[in-house]
Protein chains: 2
Amino acid sequence: MFEIELLKSRILTEGQVLPGNILKVDSFLNHQIDVKLLYEMGKEFAIRFKGAGVTKILTVESSGIAVAALCGLVMEVPVVFAKKHQTSNLDSNVYSASVESFTHGRTYNIRVSKKYIGCSDRVLIVDDFLANGRALLGLAQIVEEAGAELVGAAIAIEKGFQGGGDMIRRMGIRVESLVIIDRMDDDGNIVFRE
Amino acid sequence: MFEIELLKSRILTEGQVLPGNILKVDSFLNHQIDVKLLYEMGKEFAIRFKGAGVTKILTVESSGIAVAALCGLVMEVPVVFAKKHQTSNLDSNVYSASVESFTHGRTYNIRVSKKYIGCSDRVLIVDDFLANGRALLGLAQIVEEAGAELVGAAIAIEKGFQGGGDMIRRMGIRVESLVIIDRMDDDGNIVFRE
């Protein structure tokens, strides 16, 4: 079983609270990646969504990719990452959604080629963070546009105090977060939801 | 042992040659990710760099992350991905290099926090593609700036006809590419190096 307490302790010892409700955990999740830890997260997600018949994992570049890839390895399903940066070699035939970024203070489009999600897919969204929920809603919109079934969302760290997770749960979407932070102060104090 | 022939056959059947020497393999590598295939690639890289004492894997966002993460899982070392997009929460204390992108036709800066590569590290660079070699040179420059040892580069697909790989080998850097493409025509014909 995944040791939630270990993840909490990594957040407490290595995380930095930055102005604007930003939690920086780039020693193991967002810049440097503790691959073994993410693999254990993947195993925990696989347990929680066992029997849900997931056929595809959907995430968004860049920091969601590693968590999603390791989860996909455990669950033995392909991973698709939505593109959020301009690229000259993406199909024009895409599903897209507009997402307001909390961290970066701007709006961008996320896009997924229509080739890689279809109406017979049962999609699990995987991401590193859930804050105001905009990215997750954008991904959910793409799943709906594709006519696929959304089985839920698997999140490493939910910033519960920003409300996105609870809003999305109220919409009837299953959200499984490994840890939920209920309060975070500029002096570095972090309180987890029990 | 990794089946190089399998990778070649995936490239031949699923790859699309686009104008401007672009090879699109987004059904298994750049957009949708065949996680199992990338894990097998990771095992092959681990064999080739066995005994090299790798302590860290370095890649660049976004499409290098999945290959690097799965390689890191096999080799049991942390992965660091250089940031190429603006982000409000990266340290100001970074190593950086300027990289001219072949695919996207512009120059960008890649940055790595000084916290995550140090002079005692033995770094393996992992990437999905090697074309003109600019990204790899930028990453090598960061490794050098950090005073770390570069043990080599592990590449999924090298576009040999663009010359980057051979240029970098001539500099004395070990480059291990799973497949090398020596010719690629607009009609979709792809010739591999023997």
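In which sense do strand 9 and strand 10 of chain B pair, and over how many bridges? Strand 9 (residues 149–159) and strand 10 (residues 175–184) of chain B pair in the parallel sense, over six bridges. Strands here are DSSP runs of E with at least two residues, helices are runs of H or I with at least four, and both are numbered from the N terminus. Two strands pair if DSSP finds at least two bridges between them. One residue to look for is Ala153(B), which stands opposite Val175(B) in strand 10 of chain B.

Before going on, a word on the model: it is predicted, with local features needing pLDDT of at least 70 and side-chain atom pairs counting only at pLDDT 80 or more, while totals for chains, interfaces and linings use all residues. Residues are numbered from 1 along each chain as its sequence is written, and chains are lettered from A and ligands numbered from 1 in the order in which they are written.

Now let us follow the sheet outwards. Strands 9 and 10 of chain B belong to an open sheet of seven strands with mixed pairing, in the order 3(A)-5(B)-4(B)-8(B)-9(B)-10(B)-11(B). Strand 3 (32–33) of chain A and strand 11 (190–192) of chain B stand at the edges with a single partner strand each, so one side of each has no neighbour in the sheet. Helix 2 (residues 35–48) of chain B lies across strand 8 (122–130), strand 9 and strand 10 of chain B, and runs at about 120 degrees to strand 10. Such angles run from 0 to 180 degrees between N-to-C directions, with axes fitted as lines to C-alpha atoms, for helices over the stretch in contact.

There is also an open sheet of seven strands ordered 11(A)-10(A)-9(A)-8(A)-4(A)-5(A)-3(B), again with mixed pairing. Its edges are strand 11 (190–192) of chain A and strand 3 of chain B; each has a single partner strand, so one side of each is left without a neighbour in the sheet. Strand 4 (residues 56–60) of chain A runs parallel to strand 5 of chain A, joined by four bridges, and Ile57(A) stands opposite Val79(A) in strand 5 of chain A. Helix 1 (residues 4–14) of chain A packs on this sheet, touching strand 9 (149–159), strand 10 (175–184) and strand 11 of chain A, and its direction makes about 40 degrees with that of strand 10. Helix 2 of chain A also packs on the sheet, touching strand 8 (122–130), strand 9 and strand 10 of chain A, at about 120 degrees to the direction of strand 10.

Towards the strand 11 edge, three bridges join strand 10 of chain A to strand 11 of chain A, and these two run antiparallel. Arg183(A) has Val191(A) in strand 11 as its bridge partner. Their hairpin has five residues between the strands, and there Gly188(A) takes a positive phi near 95 degrees.

At the strand 3 edge, the sheet crosses from one chain to the other. Strand 5 of chain A pairs with strand 3 (residues 32–33) of chain B in the antiparallel sense over two bridges, and Val79(A) stands opposite Ile33(B).

How are the two chains related? A rotation of 180 degrees with 0.0 Å of shift along its axis superposes chain A on chain B, with RMSD 0.0 Å. That is the relation of a two-fold axis. The superposition is by least squares on C-alpha atoms of residues with pLDDT of at least 70 in both copies.

At the interface, 32 residues of chain A are in contact with 32 residues of chain B, where contact means C-beta atoms, placed from the backbone, within 7 Å. Helix 3 of chain A gives the largest share of the side of chain A that touches chain B, six residues. Since 97% of the interface residues of chain A are also interface residues in chain B, the copies meet through the same surface.

Finally, look at helix 3 (residues 64–75) of chain B against helix 2 of chain B: their axes come within 8 Å and cross at roughly 55 degrees. That makes the pair oblique, the class left over once angles under 35 degrees count as roughly parallel, over 145 as roughly antiparallel and 65 to 115 as roughly perpendicular. Among the residues that meet are Leu38(B) and Phe45(B) in helix 2 of chain B, and Leu70(B) and Val74(B) in helix 3 of chain B.

How values were computed
Two residues are in contact if their C-beta atoms, placed from the backbone, lie within 7 Å.
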